[in-house]
Amino acid sequence: MFVGNEEVRNNIIALCRKNNYYPVIATDPEQLIKKIRGKGSAIVFVDHEVVNNYGARIYSRINVACPGCDVLLLCDQAHRDLIKEAMELSVYACILAPFEDWEVLTMIRNILAKKKPRGLKKSYKDQPS
């Protein structure tokens, strides 16, 4: 998680922990890249403050360090212009403020569900007679 707005960051961290998700927090792009490099997958939250401070290049740096990462952009109404660019640069989704708990958790669950290996279904012919 690399979220510049302290209040938003603290709320997302508390929400995640309350739901048994344990986020890793980064304070700058280099630390974020170091923490995600080589991971098979991760969910990375960034907010509009991070994009404004470090530029849209942050998305490509994340994708290079961790090709299996999914990025969620947290954005307010005043920064909606960042959404189109983010989606073009392969951000998984954008969540607009106010960030509702159910919305954040739904995004996390959807990402985790698509990464979870699914068991093989037994066909009827595999069933004993």
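Here are a few questions and answers on the sheet and the cysteines of this predicted model.

Q: What is the strand order of the open sheet?
A: The sheet has three strands, and the pairing is parallel. Going from one strand to the next, the twist averages 25°. The order reads β1-β2-β3.

Q: Which are the edge strands?
A: An edge strand here pairs on one side only. That holds for the strand at 42-47 and for the strand at 93-96. So, with strands numbered from the N terminus, the edge strands are β1 and β3.

Q: Which residue in β3 does L73 stand opposite?
A: Strand β2 covers residues 69-75 and pairs with β3 in the parallel sense, over four bridges. L73's opposite residue in β3 is C94.

Q: Which helix packs on the sheet, touching β2 and β3?
A: The helix in question spans residues 81-88. Its direction makes about 160° with that of β3. This is helix α5.

Q: Which cysteines does the disulfide join?
A: The structure holds one disulfide. Its sulfurs sit 2.4 Å apart, and the cut-off is within 2.5 Å, so the pair counts. The link is right-handed, with 95° about the S-S bond. The partners are C66 and C69.

Q: Is C69 buried or exposed?
A: Buried means under 20% relative accessible area. C69 comes in at 7% relative accessibility, so the label is buried.

Q: Why does C94 have no bond to the closest cysteine sulfur, and in which residue is that sulfur?
A: A disulfide needs sulfur atoms within 2.5 Å. The sulfur of C94 is 6.6 Å from the closest cysteine sulfur, so that one is too far for a bond. The closest sulfur is in C75.

Conventions:
Residues numbered from 1 in each chain as written. Predicted model: local features only at pLDDT ≥ 70, side-chain atom pairs only at ≥ 80, totals over all residues. Heavy atoms only, no water. Pairing = 2+ DSSP bridges. Helix = DSSP H or I, 4+ residues; strand = E, 2+ residues; numbered from the N terminus. Axes fitted to C-alpha atoms, helices over the stretch in contact; angles between N-to-C directions. Contact = heavy atoms within 4.5 Å. Buried < 20%, exposed > 50% of the residue type's maximum accessible area, 1.4 Å probe, protein only.
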